[in-house]
Amino acid sequence: MVETVVKIVPAGENLLCEGDPGVFAYMVQSGKLEVWTMQQGQRVVLSRVGPGGVVGELGLVTNAPRSATVTALEGTQVIRISREHLSERLDEADPLLRHTLQVVLTRLRDLLDFVHGKSLDEKTEAYSLLDVDNQTTAAGTDHSKAMHRLQVEQELEHAVRNDELELHFQPIVRLKTRAIAGFEALIRWRSPKHGMVRPDSFIPVAEQSNLIVPIGHWIFHSACESLRRLQQVAAQLQPGQPLITMSVNLSVRQFRDDSLFRELIRAAKDHHISPDRIRLEITESRLLDNWELTLEMLRTARAHGFRLAIDDFGTGYSSLAYLHRLPVDTLKLDQGFIRDMVQNAGAQAIVSSVIELARKLGLEFIAEGVETREQLDALARINATSIQGYYFSRPRSLAEIEAYLEQKLRAPARTASSRAQSAA
Ligand code: G
Ligand code: G
Ligand code: MN
């Protein structure tokens, strides 16, 4: 439990006494404290601490008795900080941060023991603020987690320089006509050491290390270059059709990149892509991470003409309160609902309601993760418009998806509308 207690220390009174056991630290809210110690019979002032300053912090870190006395110079208001108070926050911190802190604290404790002339045998009992809850394992897991993350991070840096990243593409198909409306770009890491690595294993590391910024820029350029190539293939085989689109996943962390839109616009320009052929996908579960910034960035994206989709809709804070305020034009319903809809009437009701909701809000709807004919038929019955999933194709390399597109466009017309188009 977090324990915060405000305390008022009258002028002249001691907040801490040298030699007492130390458990709490105190942060000064108002007033002034003096930290002092006795040396050879003399009172020696070590420091004076005003608002925002902290005293007694060593008590949080080591079991050592108080090394000095703290006296109020005037009426002083302090807030008590307990170990639990800090450890709750530390539990949520990055393992590397925790591990580094642990190392620093150990050094500090060794240093203090040295200063106080303790031998190795009589050292302060090993205690760290980092293992209040988990005395034996916290350091070990932090250490291994931090090592693993650092290793992946360094390999990933190397991968960016060495061109080991590639984009794969999965078609998005119009349900009625079976026309290919566009593709989603999905990143892969072709690692000489680990083989083909899926984004779930390395995008989070990229996000935390800020490597997501250069990787993001590479994704934009590569996606636009590939889209241009696919548009050319389509134009040769079916001239006059609307240009296909490319969906690009964007991590909300990329919103902190000042050059985000400059790079996006440059990538589109360099490859002669109109921004309205690029659909940026943002996962619903991360939308609220930094709502103000997200909203501003989404508006900027729209102002530049990019299209916007909420990805994995239904897995985050699906709230009608925000939906109509977001400047998005597409809803991508999460795969889970599609997986369940054939056996589960509840899931089907949700899918059907989301389709209806999208229609009423004037949003495009894409069903993700469609794997079977049954799912496709069920979606057709409730008027789903666009479909993505293994039923049509897995994500494939550019060469493979080019061949796939050619083959689809060459296939004999199968519906009234495509017959009309090929007759024209
Ligand atoms: O196939 P798949 O494993 O490709 O993708 C898993 C997840 O990784 C997806 O949910 C997607 O949001 C994310 N992802 C895939 N490609 C990219 C990308 O290029 N950028 C970002 N930020 N995320 C991606
Ligand atoms: O960006 P997003 O979270 O929407 O990523 C889509 C993910 O779904 C990618 O990992 C992609 O490889 C995967 N995927 C695409 N189609 C199917 C499918 O039909 N079934 C399953 N299980 N996964 C799919
Ligand atoms: Mn996506």
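A residue is called buried when its relative accessible area is under 20%, and exposed when that area is over 50%. In this predicted model, both E184 and E281 are buried in that sense.

These two glutamates belong to a metal site. The manganese ion (ligand 3) has four protein donors, E184 (OE), N249 (OD1), E281 (OE) and D311 (OD), at 2.1 to 2.4 Å from the ion. Along the chain, the donors are arranged with the spacing E-x64-N-x31-E-x29-D. E184 lies in strand 10 and E281 in strand 13 (residues 278-283), so that this pair, 97 residues apart, links distant parts of the chain.

The strand that carries E184 is preceded by a loop of interest. Between strand 9 (165-174) and strand 10 (180-191) lies the loop that contains R178. The phi angle of R178 is near 65 degrees, a positive value in a residue that is not glycine.

A further positive phi, of about 65 degrees, occurs at N383, again a residue other than glycine. N383 sits in the loop that joins helix 12 (373-381) to strand 17 (386-388). Because its relative accessibility is 59%, over the 50% limit, N383 counts as exposed.

Beyond strand 17, the chain enters the loop that leads to helix 13 (398-410), and S393 is found there. Is S393 buried or exposed? Its relative accessible area is 2%, which is under 20%, and S393 is therefore buried. Leaving aside residues up to four places away in sequence, S393 touches Q170, P171, I401 and Y404.

Terms used. Residues are numbered from 1 along each chain as its sequence is written. Chains are lettered from A and ligands numbered from 1 in the order in which they are written. This is a predicted model: local features need pLDDT of at least 70, side-chain atom pairs count only at pLDDT 80 or more; totals for chains, interfaces and linings use all residues. Side-chain values use heavy atoms; hydrogens and water are left out. Helices (H or I, at least four residues) and strands (E, at least two) are DSSP runs, numbered from the N terminus. Buried means under 20% relative accessible area, exposed over 50%, partly exposed in between (1.4 Å probe, protein chains only). Donors are N, O and S atoms within 2.8 Å of the metal (3.2 Å for Na, K and Ca); water is not among the atoms, so sites may look incomplete. Contact means heavy atoms within 4.5 Å.
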